[in-house]
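Trainee: I have a structure open and would like to go through it one question at a time. Please give the reasoning before each answer.

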Amino acid sequence: MRKRSSYRPKPQLPNPVAWIINGFKPVSQAGIVNVQIKNHNAIDALRKGVADREDIDTIIEALNIAEALQRLGIGDEYKGELRSAQDALYAVSKRGIDREYRFVLKAQELAAINLGMEIHDAQIDVTTVEQMEKAMNIVILEIKNRRARIIMEKKA
């Protein structure tokens with residue numbers, strides 16, 4: 001049996017000039033409105049007490065991106081607020097898994113998560129597409145290197 005080659009061709013950009021030009025555009029012009037609507041619908045479902053696992057995952061993704069953007073220097077002064085929002089969401093998620101995916105908020109947790117989402121929305125207004133790609137790469141590396149807090153599934 002032949003040894004399999006380790007060569008893998010690099011992906012090629014179809015239009016590198018357009019890719020560079022789009023990197024300088026603000027994210028708000030790149031059609032991120034649908035994602036923001038999804039984020040706010042998830043927060044609203046959590047507030048009403050009808051959130052499911054998908055809604056929680058959506059909020060987790062938004063707050064992870066907010067933390068990554070903060071690491072890149074966008075909204076750096078809100079590091080503590082973003083940390084408390086993530087801590088509150090982690091506590092809600094742990095309680096929800098223990099209660100068969102019934103996510104119930106305390107008032108302080110709702111306030112912290114709402115503030116975190118407001119910070120995320122403000123970051124989106126000033127972020128370029130290139131910065132957003134860097135932030136997504138930071139989140140992917142954190143998860144891949146197992147530095148993210150994981151909400152464990154309840155054993156059946």
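Trainee: Is Asp57 buried, partly exposed or exposed?

Mentor: Keep in mind that this is a predicted model. Buried means under 20% relative accessible area and exposed means over 50%. Asp57 has a relative accessible area of 30%, so Asp57 is partly exposed.

Trainee: Which residue forms a salt bridge with Asp57?

Mentor: The partner sits in helix α3 (residues 53-71) along with Asp57, and because the two are 4 residues apart, about one helical turn separates them. The partner is also partly exposed, with a relative accessible area of 27%. The closest N and O atoms of the pair are 3.4 Å apart, and the residue is Arg53.

Trainee: How many residues apart in sequence are the parts that Glu109 and Arg95 tie together?

Mentor: Glu109 and Arg95 form a salt bridge, with 2.7 Å between the closest N and O atoms. Glu109 belongs to helix α5 and Arg95 to helix α4, so the pair ties together parts whose separation in sequence is 14 residues.

Trainee: Is Glu109 buried or exposed?

Mentor: The cut-off for buried is under 20% relative accessible area. Glu109 has 9%, so Glu109 is buried.

Trainee: Which residues are linked in a network of salt bridges with Glu142 and Arg147?

Mentor: Glu142 and Arg147 form a salt bridge, their closest N and O atoms being 3.3 Å apart. Glu142 counts as buried at 17% relative accessibility, whereas Arg147 counts as exposed at 52%. The network that links these two also includes Glu67 and Arg71.

Trainee: How many salt bridges does a search of the whole structure find?

Mentor: The pairs discussed include Asp57 with Arg53 and Glu109 with Arg95. The search of the whole structure gives a total of 10.

Trainee: What is the relation between the directions of helices α2 and α5?

Mentor: Two packed helices are described by the angle and the distance between their axes. For α2 (residues 33-48) and α5 (residues 107-126), the axes come within 12 Å and cross at roughly 175°. That makes the two helices roughly antiparallel. The contact involves residues of α2, among them Asn39 and Ile43, and residues of α5, including Met117 and His120, so the answer for this pair remains roughly antiparallel.

Trainee: Which residues does His120 touch, leaving aside those up to four places away in sequence?

Mentor: His120 is in helix α5. At 5% relative accessibility, His120 counts as buried. The residues that His120 touches are Asn39, Ala62, Ile65 and Ala66.

Trainee: Where does Gln86 lie?

Mentor: Gln86 is buried, with a relative accessible area of 9%. Not counting residues up to four places away in sequence, Gln86 touches Leu63, Asn64, Glu67 and Arg149. The place of Gln86 is helix α4 (residues 79-98).

Trainee: What accessible area do Leu13, Trp19, Ile20 and Phe24 have together?

Mentor: Leu13 is in the segment before α1 (16-23), and at 44% relative accessibility Leu13 counts as partly exposed. Leu13, Trp19, Ile20 and Phe24 form a nonpolar patch on the surface, and their accessible area together is about 460 Å².

Trainee: How many helices and strands does the protein have?

Mentor: From the N terminus on, the elements run α-α-α-α-α-α. The count is therefore 6 helices and 0 strands.

Methods
Residues are numbered from 1 along each chain as its sequence is written. This is a predicted model: local features need pLDDT of at least 70, side-chain atom pairs count only at pLDDT 80 or more; totals for chains, interfaces and linings use all residues. Side-chain values use heavy atoms; hydrogens and water are left out. Patches are made of residues with over 30% relative accessible area and no salt bridge: like charges are joined within 9 Å, nonpolar side chains (Val, Leu, Ile, Met, Phe, Trp, Tyr) within 5 Å. Accessible areas come from the Shrake-Rupley method with a 1.4 Å probe; for residues, only the protein chains shown count as cover. A salt bridge is a side-chain nitrogen of Lys or Arg within 4 Å of a carboxyl oxygen of Asp or Glu. Buried means under 20% relative accessible area, exposed over 50%, partly exposed in between (1.4 Å probe, protein chains only). Axes are lines fitted to C-alpha atoms, for helices over the stretch in contact, and angles run from 0 to 180 degrees between N-to-C directions. Angles under 35 degrees count as roughly parallel, over 145 as roughly antiparallel, 65 to 115 as roughly perpendicular and the rest as oblique. Contact means heavy atoms within 4.5 Å.
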